[in-house]
Amino acid sequence: MYSENVTVVNATGIHARPASQFSKMAAGFQSNVTVKKSDAEGDGVNAKSVLNLMTQGLTCGTEITIAADGADEKEAVTALVEFVKGGCGE
(Lines give C-alpha, C1' and ligand atoms only; values in the text may rest on other atoms or scores of the structure.)
Protein backbone atom coordinates (compact mmCIF):
# COMPACT_ATOMS: atom_id res chain seq x y z
CA MET A 1 0.00 0.00 0.00
CA TYR A 2 1.19 3.50 -0.87
CA SER A 3 -0.36 6.78 0.26
CA GLU A 4 0.24 10.53 0.22
CA ASN A 5 -1.44 13.53 1.81
CA VAL A 6 -2.46 16.54 -0.26
CA THR A 7 -4.51 19.67 0.38
CA VAL A 8 -7.51 20.52 -1.81
CA VAL A 9 -6.62 23.87 -3.41
CA ASN A 10 -9.44 24.67 -5.81
CA ALA A 11 -11.88 27.22 -4.41
CA THR A 12 -14.99 25.09 -4.87
CA GLY A 13 -13.50 21.89 -3.48
CA ILE A 14 -14.12 18.46 -4.96
CA HIS A 15 -17.73 18.87 -6.11
CA ALA A 16 -19.49 16.98 -8.94
CA ARG A 17 -17.23 17.81 -11.90
CA PRO A 18 -13.86 17.33 -10.15
CA ALA A 19 -15.19 14.23 -8.38
CA SER A 20 -16.19 12.79 -11.75
CA GLN A 21 -12.77 13.53 -13.23
CA PHE A 22 -11.00 12.18 -10.14
CA SER A 23 -12.96 8.92 -10.13
CA LYS A 24 -12.49 8.47 -13.88
CA MET A 25 -8.74 8.91 -13.42
CA ALA A 26 -8.72 6.49 -10.46
CA ALA A 27 -10.65 3.92 -12.50
CA GLY A 28 -7.84 3.93 -15.04
CA PHE A 29 -5.56 2.17 -12.57
CA GLN A 30 -5.63 -1.49 -11.55
CA SER A 31 -5.02 -0.71 -7.89
CA ASN A 32 -7.77 -0.19 -5.35
CA VAL A 33 -7.76 3.55 -4.62
CA THR A 34 -9.23 5.19 -1.53
CA VAL A 35 -9.64 8.78 -0.33
CA LYS A 36 -10.31 10.12 3.15
CA LYS A 37 -9.86 13.30 5.13
CA SER A 38 -6.41 13.00 6.70
CA ASP A 39 -7.77 13.45 10.22
CA ALA A 40 -10.57 10.88 9.76
CA GLU A 41 -10.55 7.38 11.16
CA GLY A 42 -10.94 4.31 8.97
CA ASP A 43 -9.82 3.24 5.55
CA GLY A 44 -11.47 5.88 3.39
CA VAL A 45 -13.92 5.52 0.52
CA ASN A 46 -13.56 3.97 -2.91
CA ALA A 47 -12.13 6.73 -5.12
CA LYS A 48 -13.55 5.10 -8.24
CA SER A 49 -17.06 6.12 -7.13
CA VAL A 50 -18.20 9.70 -7.78
CA LEU A 51 -20.89 9.46 -5.09
CA ASN A 52 -18.42 8.23 -2.47
CA LEU A 53 -16.13 11.18 -3.20
CA MET A 54 -18.95 13.71 -3.06
CA THR A 55 -20.14 12.47 0.35
CA GLN A 56 -16.77 13.28 1.93
CA GLY A 57 -17.21 17.08 1.96
CA LEU A 58 -13.80 17.77 0.44
CA THR A 59 -13.76 21.57 0.52
CA CYS A 60 -10.92 23.97 -0.21
CA GLY A 61 -8.21 23.65 2.43
CA THR A 62 -9.11 20.09 3.42
CA GLU A 63 -6.12 17.79 3.73
CA ILE A 64 -6.86 14.38 2.25
CA THR A 65 -5.06 11.06 2.13
CA ILE A 66 -5.02 9.25 -1.19
CA ALA A 67 -4.03 5.61 -0.86
CA ALA A 68 -3.71 2.78 -3.34
CA ASP A 69 -3.03 -0.92 -3.05
CA GLY A 70 -2.05 -2.95 -6.09
CA ALA A 71 0.30 -3.32 -9.02
CA ASP A 72 0.34 0.36 -9.99
CA GLU A 73 -0.26 1.89 -6.56
CA LYS A 74 2.54 4.49 -6.64
CA GLU A 75 1.63 5.68 -10.13
CA ALA A 76 -2.04 5.96 -9.15
CA VAL A 77 -1.38 8.00 -6.02
CA THR A 78 1.17 10.23 -7.74
CA ALA A 79 -1.19 11.04 -10.62
CA LEU A 80 -4.15 11.75 -8.34
CA VAL A 81 -2.08 13.93 -5.99
CA GLU A 82 -0.89 15.98 -8.97
CA PHE A 83 -4.50 16.32 -10.14
CA VAL A 84 -5.53 17.73 -6.75
CA LYS A 85 -2.44 19.98 -6.50
CA GLY A 86 -3.29 21.34 -9.95
CA GLY A 87 -6.75 22.46 -8.83
CA CYS A 88 -8.70 19.46 -10.14
CA GLY A 89 -8.82 20.85 -13.67
CA GLU A 90 -10.54 24.08 -12.65
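These are my notebook entries on what I looked up in this structure.

**Ground rules**

I'm working with a predicted model, where local features need pLDDT of at least 70, side-chain atom pairs count only at pLDDT 80 or more, and totals for chains, interfaces and linings use all residues. Residues are numbered from 1 along each chain as its sequence is written, and side-chain values use heavy atoms, with hydrogens and water left out.

My names for helices (H or I, at least four residues) and strands (E, at least two) come from DSSP runs, numbered from the N terminus.

**Entry 1: the sheet**

I began with the strands. In what order do the four strands of the open sheet sit? I read it as β1-β4-β2-β3, with antiparallel pairing. For the record, two strands pair if DSSP finds at least two bridges between them. The edges are β1 (2-7) and β3 (45-46), each pairing on one side only. I also noted that α3 packs on the sheet and touches β1, β2 and β4. The direction of α3 makes about 5° with that of β1; axes here are lines fitted to C-alpha atoms, for helices over the stretch in contact, and angles run from 0 to 180 degrees between N-to-C directions.

My textbook reminder: strands of a sheet pair through backbone hydrogen bonds, either parallel or antiparallel.

**Entry 2: strand by strand**

Next I went through the pairs.

- β1 and β4 run antiparallel and are joined by six bridges; Thr7 has Glu63 in β4 as its bridge partner.
- β2 (residues 32-37) and β4 (residues 63-69) are also antiparallel, over six bridges.
- Across from β2 residues, I found Ala68 of β4 opposite Val33, Thr65 of β4 as the partner of Lys36, and Ile64 of β4 opposite Lys37.
- β2 and β3 pair antiparallel over two bridges, and Val35 has Val45 of β3 as its bridge partner.

Is β4 mostly buried or exposed? Five of its seven residues are buried, so β4 is largely enclosed by the rest of the structure. Buried means under 20% relative accessible area, exposed means over 50%, and partly exposed is in between (1.4 Å probe, protein chains only).

**Entry 3: the core**

Then I looked for the nonpolar core, a set of buried Ala, Val, Leu, Ile, Met, Phe, Trp, Tyr and Cys residues joined through side-chain atoms within 4.5 Å. The largest one has 22 residues, and Phe22, Val33, Val35, Ile64, Ile66 and Val84 have the most contacts inside it. Which elements give two or more residues to this core? They are α1 (16-27), β2, β4 and α3. Helix α3 gives the most, with six residues.

Another general note: in soluble globular proteins, nonpolar side chains tend to be buried together.

I picked Ile64 for a closer look. Leaving aside neighbours within four places in sequence, Ile64 is in contact (heavy atoms within 4.5 Å) with several residues, including Val6, Val35, Leu58 and Val84.

**Entry 4: Thr65**

Thr65 is in strand β4. Thr65 counts as buried because its relative accessibility is 12%. The side chains of Thr65 and Ser38 share a polar contact of 3.1 Å. A polar contact is a pair of N or O atoms within 3.5 Å; within protein, one must be able to donate a hydrogen and the other to accept it, and residues adjacent in sequence count only if both atoms are side-chain atoms.

**Entry 5: two loops**

Asn10 lies in the loop between β1 and α1. Asn10 is buried, because its relative accessible area is 6%. A polar atom of the Asn10 side chain lies 2.7 Å from the backbone oxygen of Gly13. Not counting residues up to four places away in sequence, Asn10 touches Pro18, Cys60, Gly87, Cys88 and Glu90.

That led me to Cys60, in the loop between α2 (50-54) and β4. At 42% relative accessibility, Cys60 counts as partly exposed. I also checked a distance: the C-alpha atoms of Cys60 and Asp72, twelve residues apart along the chain, are separated by 28 Å.

**Entry 6: the salt bridge**

How many salt bridges does a search of the whole structure find? I got one. A salt bridge here is a side-chain nitrogen of Lys or Arg within 4 Å of a carboxyl oxygen of Asp or Glu. The partners are Glu82 and Lys85, with their closest N and O atoms 3.9 Å apart. Both lie in helix α3 (residues 73-85), three residues apart, about one turn of the helix. Glu82 is partly exposed, at 48% relative accessibility.
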